[in-house]
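Me: I would like a close look at a single part of this structure. Please describe one strand and its partners in a connected account.

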Amino acid sequence: MSFGWLALSIALACLVVSCQKESSELLPLAEEGSLALSSDGETLTEEEFWESMEASDQFEAELAAYETQVRSEVSTSGLSVQNGVLVFESIPYYQSIVDLGDDMTEESPDGDPQQIIADGIAEEVIEEYVKTINFDSYGSIHGTASEFQDPFIDAILNEDRIVQIGDWLIKIDYLQETVWTIDANTTDAYESLLNESGNGLVTHGIGDDVLYQLEVGNLAEDRGCGGIGGLNQHSQKYLVNPDILMFSGIIFRRYGIYFRMVTEARFTTPVNNLNNMYFTMQIKGPEAWRRRRPCRRSKHIGTHPAGDKQTITNKNQVIRWVFYSSSRNLNGYHLFVRARGAIFDYQSPGLQWAFTNWRGRNINSPY
């Protein structure tokens with residue numbers, strides 16, 4: 001990364017956290033699950049703490065610069081609204097947005113795993129743009145009651161949960177785990193989609209790579225090699241009982257045309273004047289790893305180093321990091337996340353610290 005990017009990134013570091021905070025709903029809390037990895041016995045010295053803060057600052061600077069770069073590459077010229085439906089002019093145009101930043105396109109120059117910083121930034125541009133045009137999105141109508149709980153899907157679907165991508169009208173029934181598609185040129189196409197019945201209507205699962213199934217000429221092996229299910233895991237622990245409670249989690253949701261994995265960390269406290277509090281999201285080693293479909297070629301692998309990612313000091317902030325977003329499902333990944341809280345001179349002199357339990361999965365990965 002150039003010195004120019006780094007200088008710009010420092011100025012934007014705080015902006016990144018706040019933008020992420022506004023882009024999706026809080027992950028719901030859940031009971032401790034069977035995949036918890038104990039953090040008992042770990043220690044934290046002041047020297048280790050300040051070293052980790054340097055790593056966190058560096059990541060936030062890189063993320064801010066990367067966000068600026070990705071946002072500059074997103075075009076909204078291929079979007080329009082027709083008869084109350086948001087229309088992406090083609091499947092490739094839609095993929096140019098949701099696949100931007102994953103570094104795992106078919107045109108990857110070699111077969112080596114690609115290191116990623118973050119994903120899902122391009123979608124935020126579309127979310128912001130949709131708010132400025134004459135379009136009643138599903139999210140704007142249903143708000144936090146939306147069953148999708150995803151800012152991008154909420155932004156592109158209309159009240160009937162329909163979007164058009166290229167020549168295809170697409171309806172997503174998330175609760176029934178079904179995606180319906182029909183050629184937009186079919187007689188009474190919209191009515192058939194609404195009624196989920198009619199000539200030309202095709203049914204898919206939310207775990208299918210729907211857009212690839214729609215494209216003519218795709219080989220069966222290109223449509224997938226075994227997708228994975230959704231994930232929703234969370235952990236919570238007191239840093240100071242009962243004053244400061246920490247939360248962390250990981251979630252993977254599938255929508256047939258869009259797949260998104262995000263980690264989250266935050267804390268709550270009734271204390272108004274909380275000083276010297278540092279709350280950090282951490283990724284478990286040896287590294288985070290993901291492999292999307294089709295998975296017969298190694299160039300579809302993305303990696304991210306373990307360690308401290310982002311730090312917040314305010315209870316009104318939320319750390320969100322999008323590890324994966326794409327038009328294709330994942331075949332496997334290795335990702336565990338937790339939160340670390342550290343506070344100086346609260347109720348007693350010195351450093352107090354605690355970790356939430358690790359949450360995540362190791363599925364079809366080399367670890």
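Reply: Two strands are said to pair if DSSP finds at least two bridges between them. With that in mind, one may turn to this model, which is predicted, and to strand 14, which spans residues 330-344. Strand 14 is mostly covered, with 15 of its 15 residues buried.

The partners of strand 14 may be taken in turn. Strand 11, made of residues 277-292, runs antiparallel to strand 14 and is joined to it by 11 bridges. Within this pairing, His-334 of strand 14 has Trp-289 standing opposite.

Strand 16, residues 359-363, also pairs with strand 14 in the antiparallel sense, over 5 bridges. Here Val-337 has Arg-359 in strand 16 as its bridge partner.

Strand 15, residues 351-355, is likewise antiparallel to strand 14, and 5 bridges join the two. In this case Gly-341 is matched with Ala-354 of strand 15, its bridge partner. Strand 14 and strand 15 form a hairpin that has 6 residues between the strands. In that hairpin, Asp-345 takes a positive phi near 55°.

A residue outside the strand offers a further example of burial. Ser-56 lies in helix 2, which covers residues 46-72. Its relative accessible area is 0%, and because buried means under 20%, Ser-56 counts as buried. Apart from neighbours within four places in sequence, Ser-56 is in contact with Asp-308, Lys-309, Gln-310 and Thr-311.

To return to the part requested, strand 14 is joined to strand 11 by 11 bridges, to strand 16 by 5 and to strand 15 by 5.

How values were computed. Residues are numbered from 1 along each chain as its sequence is written. This is a predicted model: local features need pLDDT of at least 70, side-chain atom pairs count only at pLDDT 80 or more; totals for chains, interfaces and linings use all residues. Side-chain values use heavy atoms; hydrogens and water are left out. Helices (H or I, at least four residues) and strands (E, at least two) are DSSP runs, numbered from the N terminus. Buried means under 20% relative accessible area, exposed over 50%, partly exposed in between (1.4 Å probe, protein chains only). Contact means heavy atoms within 4.5 Å.
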